[in-house]
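Colleague: I should like to go through this model with you, one local feature at a time. Please give the reasoning with each answer.

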Amino acid sequence: MLRFSLFGIPVVVQPFFWLVAAMLGGANHADSRDGLIRLILFIAVAFVSILVHELGHAIAGRRTGGGHATIELNAFGGLATHHGGRFTRNGHLARIAWGPGAGFLLFIATYLALVLILSPQDAKAMAQITLFNTGTFSDTLHLLAFIREQPYWFEIASSLLWVNFWWTLINLLPVMPLDGGQIAGTFIQNRHKLHLIGLITAAAMVATSLFLDQTLTAAVFGFLAWQNYQQMRQFRWQA
Ligand SMILES: [Zn+2]
């Protein structure tokens with residue numbers, strides 16, 4: 001188990017974190033030296049991105065509520081926990097929002113780095129190709145040279161864009177216990193209703209993921225749908 005401290009915040013990385021990151025990076029396709037390097041780069045990007053996300057929660061929490069924070073990276077991503085802080089509603093909201101906020105900042109920083117290193121057109125083409133599978137390589141000479149000459153830096157940059165865009169966006173869906181669910185929870189007092197929204201959203205995500213052949217995402221949201229259903233039933237008579 002890896003342990004270290006960052007900005008005075010203790011961080012623990014559980015072994016399962018690496019295993020899940022490897023699965024998400026397509027460990028089963030890493031059957032060559034090149035594939036293995038690309039997998040390791042993806043795991044490194046996932047590690048940095050989730051750490052930045054959790055640091056967003058932890059640092060915002062320390063500023064708004066005091067106390068001290070700890071971070072754990074585990075099979076479900078990460079968790080920033082606060083000990084002994086006192087939060088107002090807005091402080092609590094800021095603490096949750098700064099996780100995705102930090103993720104989007106890392107996305108923007110990556111995009112701006114590509115603008116500076118390549119060109120605005122190349123950065124735009126790369127984001128379109130990486131995020132939406134659309135766009136074209138024509139008129140993007142820098143990008144083509146970048147892919148050819150710096151394939152591993154291209155891998156890092158495209159993974160940084162992909163992870164910090166899609167994971168951050170998915171995390172903002174109103175499904176407990178994702179950040180989006182917790183943000184919704186500060187506005188919706190009725191727990192039954194909150195988990196019903198979580199159940200419907202998660203079920204819609206299962207259908208969408210299956211349609212897009214994203215089996216792992218479908219499984220994760222299937223689990224979240226079931227969890228929200230259980231919690232919804234628990235709160236039925238208290239609503
Ligand atoms: Zn978060």
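Modeller: We may begin with Leu169, which is found in helix α6; helices (H or I, at least four residues) and strands (E, at least two) are DSSP runs, numbered from the N terminus. Residues are numbered from 1 along each chain as its sequence is written. The model is predicted, so local features need pLDDT of at least 70 and side-chain atom pairs count only at pLDDT 80 or more, while totals for chains, interfaces and linings use all residues.

Colleague: Is Leu169 buried, exposed or partly exposed?

Modeller: A residue is buried if 20 or more other C-beta atoms lie within 10 Å of its own, exposed if 12 or fewer, and partly exposed in between, with C-beta atoms placed from the backbone. Leu169 has 15 other C-beta atoms within 10 Å, and therefore its class is partly exposed.

Colleague: How far apart in space are Leu169 and Gly103, C-alpha to C-alpha?

Modeller: In sequence, Leu169 and Gly103 are 66 residues apart. Gly103 is one of the buried residues of α3. The C-alpha to C-alpha separation of Leu169 and Gly103 is 9.4 Å.

Colleague: Which helices are included in what covers the buried residues of α6?

Modeller: The buried residues of α6 include Ala157, Leu161, Phe165 and Thr168. What covers the buried residues of α6 includes α2, α3 and α4.

Colleague: With which residues is Leu41 in contact, leaving aside its neighbours within four places in sequence?

Modeller: Leu41 is found in helix α2 and is partly exposed, with 17 other C-beta atoms within 10 Å. Its C-alpha atom is separated by 10 Å from that of Ala157, 116 residues apart along the chain. Two residues are in contact if their C-beta atoms, placed from the backbone, lie within 7 Å. With the sequence neighbours left aside, the contacts of Leu41 are Tyr152, Glu155, Ile156 and Ser159.

Colleague: What span should helix α3 have at 1.5 Å a residue?

Modeller: The expected span of a helix is 1.5 Å times one less than its number of residues. Helix α3 has 29 residues (residues 89-117), and its end C-alpha atoms are 42 Å apart, which agrees with the expected span of 42 Å.

Colleague: At which residue does α3 bend by about 35°?

Modeller: The bend at a residue is the angle between axes fitted to the seven residues ending there and the seven starting there. A proline, Pro100, follows within four residues of the bend in α3. The bend of about 35° is at Trp98.

Colleague: Are α1 and α2 parallel, antiparallel, perpendicular or oblique to each other?

Modeller: Axes are lines fitted to C-alpha atoms, for helices over the stretch in contact, and angles run from 0 to 180 degrees between N-to-C directions. The axes of helix α1 (residues 15-24) and α2 come within 9 Å and cross at roughly 120°. Angles under 35 degrees count as roughly parallel, over 145 as roughly antiparallel, 65 to 115 as roughly perpendicular and the rest as oblique. The relation of α1 and α2 is therefore oblique.

Colleague: Which residue is joined to Met176 by a cis peptide bond?

Modeller: Most peptide bonds are trans. Here the bond has omega of about 0°, and the partner has its place in the loop between α6 and α7. The residue joined to Met176 is Pro177.

Colleague: What is phi of Asn133?

Modeller: Asn133 lies in the loop between α4 and α5 (141-149) and counts as exposed, with 7 C-beta neighbours inside 10 Å. Its phi is a positive value in a residue other than glycine, near 60°.
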